[in-house]
Every structure is written in structure tokens, then in C-alpha cells.
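Consider how charged side chains are paired in the structure shown here, and how accessible the partners are in each pair.

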Amino acid sequence: MRLAERLNSFSEPQTIKMAKLGRELKAKGINIVDLSLGEPDFRTPDHICEAAIAAINAGYTKYTPVAGIPELQEAISIKLKRDNNLDYAPNEIVVSTGAKQSLANAIHCLVDKGDEVLIPTPYWVTYADLARLAGGEVKYLPCGIDTDFKLTPEQLEAAISPNSRLFIFSSPCNPTGSVYTRDELAALAEVFKRHPQVTIISDEIYEYINFGSGHESIAQFDGMKDRVVVINGMSKGFAMTGWRIGYMAAPRVLAQACDKLQAQFTSGTNAIAQRASVAALLSDLGPTQKMVAAYRERRDHVINALRQMPGVKASMPGGAFYAFPDISSFFGKSYGEHVINNDMDMSMYLLHEGHVSSVCGSAFGNGDCIRFSTATSMENLHEAMTRVAMALAKLS
């Protein structure tokens with residue numbers, strides 16, 4: 001059997017690979033603290049689960065419209081106005097099986113072979129692979145810890161070419177937790193206004209997990225909304241990862257195109273999960289706020305611990321649930337048979353010597369760093385940081 005050549009354009013995500021390696025060691029009886037996957041450790045709030053049960057009892061078990069049930073499209077429209085002051089009609093919203101499908105839909109409807117796709121690094125692992133699958137040519141825009149891993153207007157202006165078609169970024173960011181301020185987004189918007197051929201995908205899936213003054217969307221600025229695709233979903237802010245509900249808000253012409261594309265892949269999304277999502281979006285956000293308070297406490301503990309480790313540099317994340325420390329000062333050092341030449345060596349060393357799973361930063365476009373997920377208990381995080389500190393202290 002001959003497999004399609006396109007499969008060679010991407011590989012298994014490092015996030016999934018490292019989680020798999022951790023599970024294999026656990027199966028051998030080794031106590032691994034898993035900080036690899038970005039999945040909330042909280043239960044989905046009770047009122048959301050109860051809405052799903054009510055939907056089952058009411059017989060909401062049939063096929064749904066491709067772009068989502070009208071009640072959920074309307075709820076998303078209300079949420080965007082309430083939380084972001086963005087006016088999107090229900091027919092400008094497409095509900096998909098997770099935000100990843102929303103991203104895939106938008107990218108495949110916007111990118112032709114040879115189009116240039118601009119991606120600031122660090123970035124979420126899937127952006128580049130989706131762009132390449134669509135035939136795009138990826139141009140990375142490196143952002144370092146000195147700018148809190150955020151793109152400057154000068155970098156953006158220098159990177160855009162006549163062939164630039166799409167720009168993809170996230171705020172709050174996975175893997176860094178960096179959050180763009182209103183002023184920073186306004187400055188980027190001014191650059192985009194000079195280059196009308198570029199569409200912007202704004203991944204806002206971590207919107208609610210924000211430790212600062214609040215979430216800002218680049219779609220809010222004059223002249224931008226008709227060029228921006230807002231990606232969001234239920235997984236992070238509502239601890240609904242397994243429910244698989246994502247959505248996009250976009251100009252009507254793109255929403256129609258994504259509806260057409262999705263009809264050939266999955267058609268409509270799970271009916272019961274959609275009904276539960278209506279309840280989540282229109283109900284009190286108290287449970288989400290309690291989760292965010294816990295994430296803040298965990299962030300503070302992990303970043304403070306990392307900053308006490310000699311040789312580690314760690315910025316303070318403004319959102320999401322990750323730490324992305326720079327560990328490049330350890331390159332060239334060793335302990336026993338372990339030699340640390342790069343970030344992958346460091347992740348494997350911490351896994352086998354410290355029994356803590358992480359993800360190498362090069363998976364996200366920055367080989368000086370590694371990513372720890374803080375979406376686990378304080379007990380686990382305390383133990384993990386203790387183990388990491390001990391493992392790093394052995395290197396010389």
C-alpha cells in the first residue's frame with residue numbers, strides 16, 4: 001500500500017510524543033510527573049454536564065446543521081458582543097469539532113499552493129503543519145524572551161512580502177503564556193492596514209485564562225474585523241476538552257466557505273455537546289473564574305521555583321497554563337551518559353533522570369526553551385519543580 005506523499009510534510013506533534021513516552025515509563029512502574037499536555041485537570045462544571053443530560057433526555061441526538069445549531073451560533077454571537085465588543089451575526093459563525101478543525105477549515109479556505117504564511121515563534125505546533133498541508137510556504141518570525149516572546153511592529157513590517165497571504169498567532173499564547181496588550185495589538189493592526197492582502201487568524205482559545213487586565217482581540221480595531229478570523233472554543237476556559245467544540249467568527253464569505261469545506265469532512269458537530277456549550281456560554285462564569293484563580297496560583301509557584309534555579313531564565317506568563325523557561329545555558333553540560341546539546345536532550349534528560357515530562361521548545365519554534373504545563377495539582381507541580389531543580393543541579 002502506497003501512502004500519500006503529503007504525510008511526509010509533517011510529523012507527530014511533540015506534545016503527544018512526550019505524553020506517550022511518559023505513559024510508557026509509568027507502565028513500567030516509574031513515577032512520572034506529566035507536565036507535557038495542555039489539558040485542564042478540572043472537571044467540566046456541573047451545570048454544563050446537566051445541560052448535556054437534559055439534551056439527551058429531550059432527544060437532541062440527531063444530525064445538526066454543518067455550521068452549528070442556531071442556538072449555539074446565537075450564544076456565540078452574544079458572547080462575542082458581551083466579552084469582546086465584537087458584532088458577529090450568527091451566520092458569520094461556524095462551529096466545528098474542536099478549535100483545531102476551525103483552524104484547519106480557515107487555513108484550507110484561505111491558502112493556495114505557494115502562498116506565504118507568517119507565523120511568529122514560539123507558536124502552537126499545529127499552525128505550520130496545517131499551513132503546509134494547504135500548500136503554503138511558512139515564514140517564521142522569531143520572538144525571544146527579551147520581548148516576552150511577542151512580535152514587534154517593526155518585525156512584522158519587515159517580514160511581510162507581496163506574497164504574504166496569512167498571519168497566524170495566539171493570545172494568550174501556547175506555549176509561552178504571553179498576552180498582547182491593547183496597545184501592542186493596535187500597533188500591529190496599523191502595520192496590517194498597510195498590507196491589505198494579509199488575512200489574520202487570531203487564536204483566542206485561552207481567552208478566559210488571563211491573569212492581567214483582560215483579553216483583547218485584534219478584531220476590535222477599525223478596518224480589521226473584515227480581515228480577521230477569530231478562533232475560539234470550549235476546551236480551555238470551561239474544562240471541556242473531550243467535548244470537542246470549537247468555533248470561528250469570520251466575514252460571511254469565509255464562514256460560507258468553511259461551511260462548504262466542513263460539509264465534506266465531518267458535517268455538523270456533536271448535538272449534545274453543542275447544547276451543553278449553549279449553557280456554558282450563557283451561564284455564570286463563576287466556575288471558570290475559580291479555575292483561573294487556581295491557574296494563577298500554580299503559575300506563580302512554578303515561575304518562582306524556576307527563577308530560583310541557577311541557569312534558568314523564566315518570563316512571567318500573562319495567561320494560559322504553561323511555563324516556557326530558557327534552559328540554553330545548560331547546552332554542552334552533562335551528567336553520566338546524558339549530554340545536553342539541545343532542548344530535546346534536556347526534555348529527555350528531565351524525563352529519564354528527573355522523571356518529569358516536558359516538551360522541547362523547538363516543537364514550538366524556539367530551541368532555547370522547554371515547555372511545562374501547569375494544568376495539574378499544586379502537589380504535582382511542587383514535586384515536579386523539586387525534581388527538575390535536583391536534575392539540573394547535577395549537570396556540569
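A residue is called buried when its relative accessible area is under 20%, exposed when that area is over 50%, and partly exposed in between. The model to which these terms are applied here is a predicted one, and it holds 16 salt bridges.

One of them joins the side chains of R298 and D41, with a distance of 2.8 Å from N to O. The two partners belong to distant parts of the chain, since R298 lies in helix 10 (residues 286-307) whereas D41 sits in the loop between strand 1 (33-34) and helix 2 (46-57), 257 residues apart. Because its relative accessible area is 6%, R298 counts as buried, while D41, at 38% relative accessibility, is partly exposed.

A second long-range pair is formed by E71 and R275, whose side chains meet in a salt bridge at 3.2 Å, N to O. Here the link runs between two helices, with E71 in helix 3 (residues 70-84) and R275 in helix 9 (residues 271-282), and the partners are 204 residues apart. E71 is partly exposed at 37% relative accessibility, and R275 is likewise partly exposed, with a relative accessible area of 24%.

A further salt bridge connects R82 with D83, the closest N and O atoms lying 2.8 Å apart. R82, at 40% relative accessibility, counts as partly exposed, and D83 falls into the partly exposed class with a relative accessible area of 28%. Which residues are linked with R82 and D83 in a network of salt bridges? The network also takes in K79 and E207.

Notes: Residues numbered from 1 in each chain as written. Predicted model: local features only at pLDDT ≥ 70, side-chain atom pairs only at ≥ 80, totals over all residues. Heavy atoms only, no water. Salt bridge = Lys/Arg side-chain N within 4 Å of Asp/Glu carboxyl O. Helix = DSSP H or I, 4+ residues; strand = E, 2+ residues; numbered from the N terminus. Buried < 20%, exposed > 50% of the residue type's maximum accessible area, 1.4 Å probe, protein only.
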